[in-house]
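Me: Could you take me through one part of this protein closely, and then follow its neighbours outward? I work at the bench, so please spell out the cut-offs as you go.

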Amino acid sequence: MSVRTLKAIVTGRVQGVFYRASVKEVAAALSINGYAKNIINGDVEVEATGQEADLMAMIKYLNQGPEAATMESVTWEYIETKSVEGFAIY
């Protein structure tokens, strides 16, 4: 299995609803490293590094989110693989 990195942008009601914290919990369960951060325009950016199957599970969660969130869209792409430890919230 190969390790890859993806970057996703999540739009909708995703700030102030524990979206990033829930993404961090899912990342820990999937052994994914990276970060989730608020963007000034109200979106959330997620960068995730892990096994491809785990990344697909993460994308599925990004579309679902926590109960209080309302996702409008999730766009993502693979980027150059990064070596990071842990999952941060910014």
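Reply: Happy to. Let's start at the hairpin of β2 and β3, where 5 residues sit between the strands and G42 takes a positive phi near 100°. This is a predicted model, in which local features need pLDDT of at least 70 and side-chain atom pairs count only at pLDDT 80 or more, while totals for chains, interfaces and linings use all residues. Residues are numbered from 1 along each chain as its sequence is written, and side-chain values use heavy atoms, with hydrogens and water left out. Strands (E, at least two residues) and helices (H or I, at least four) are DSSP runs numbered from the N terminus.

The two arms of the hairpin, β2 and β3, pair in the antiparallel sense over 6 bridges; two strands pair if DSSP finds at least two bridges between them. β2 also pairs with strand β5 (residues 87-89), in the parallel sense and over 3 bridges. A36 is a handy residue to click on: V46 in β3 stands opposite A36, and I89 is the bridge partner of A36 in β5.

Next, look at N33, which lies in strand β2 (residues 33-38). A polar atom of the N33 side chain lies 3.2 Å from the backbone oxygen of V84. For reference, a polar contact is a pair of N or O atoms within 3.5 Å; within protein, one must be able to donate a hydrogen and the other to accept it, and residues adjacent in sequence count only if both atoms are side-chain atoms. Leaving out residues up to four places away in sequence, N33 touches E47, A48, T49, V84, E85, G86 and F87; here contact means heavy atoms within 4.5 Å.

One of those neighbours, E47, is worth following. The E47 side chain meets that of K7 in a salt bridge (3.9 Å, N to O), a term for a side-chain nitrogen of Lys or Arg within 4 Å of a carboxyl oxygen of Asp or Glu. Since E47 lies in strand β3 and K7 in strand β1, the pair ties together parts that are 40 residues apart in sequence. E47 also meets the side chain of K82 in a salt bridge, at 3.2 Å from N to O. K82 sits in the loop between β4 and β5, and E47 in strand β3, 35 residues apart. Together, K7, E47 and K82 are linked in a network of salt bridges.

How exposed are these residues? Buried means under 20% relative accessible area, exposed over 50%, and partly exposed in between (1.4 Å probe, protein chains only). E47 counts as buried, at 6%, whereas K7 is partly exposed at 28% and K82 is partly exposed at 37%.

The structure holds 4 salt bridges. One of them joins R4 and E52, with the closest N and O atoms 3.4 Å apart. This pair links distant parts of the chain, with R4 in strand β1 and E52 in helix α2, 48 residues apart. R4 is partly exposed at 29% relative accessibility, and E52 is partly exposed at 32%.

R4 leads us back to β3 through G50, which belongs to that strand. Apart from neighbours within four places in sequence, G50 is in contact with S2, V3, R4 and L55. G50 is buried, with a relative accessible area of 7%.

Finally, V46, the residue opposite A36, takes us inside. In the largest nonpolar core, which has 24 residues, Y19, V23, I32, V46, M58 and L62 touch the most other members. The elements that give two or more residues to this core are β1 (3-13), α1 (19-30), β3 (44-51), α2 (52-64) and β4 (70-79). A nonpolar core is a set of buried Ala, Val, Leu, Ile, Met, Phe, Trp, Tyr and Cys residues joined through side-chain atoms within 4.5 Å. In soluble globular proteins, nonpolar side chains tend to be buried together. Not counting residues up to four places away in sequence, Y19 touches V10, V14, V44, L62, G65, P66, A69 and M71.
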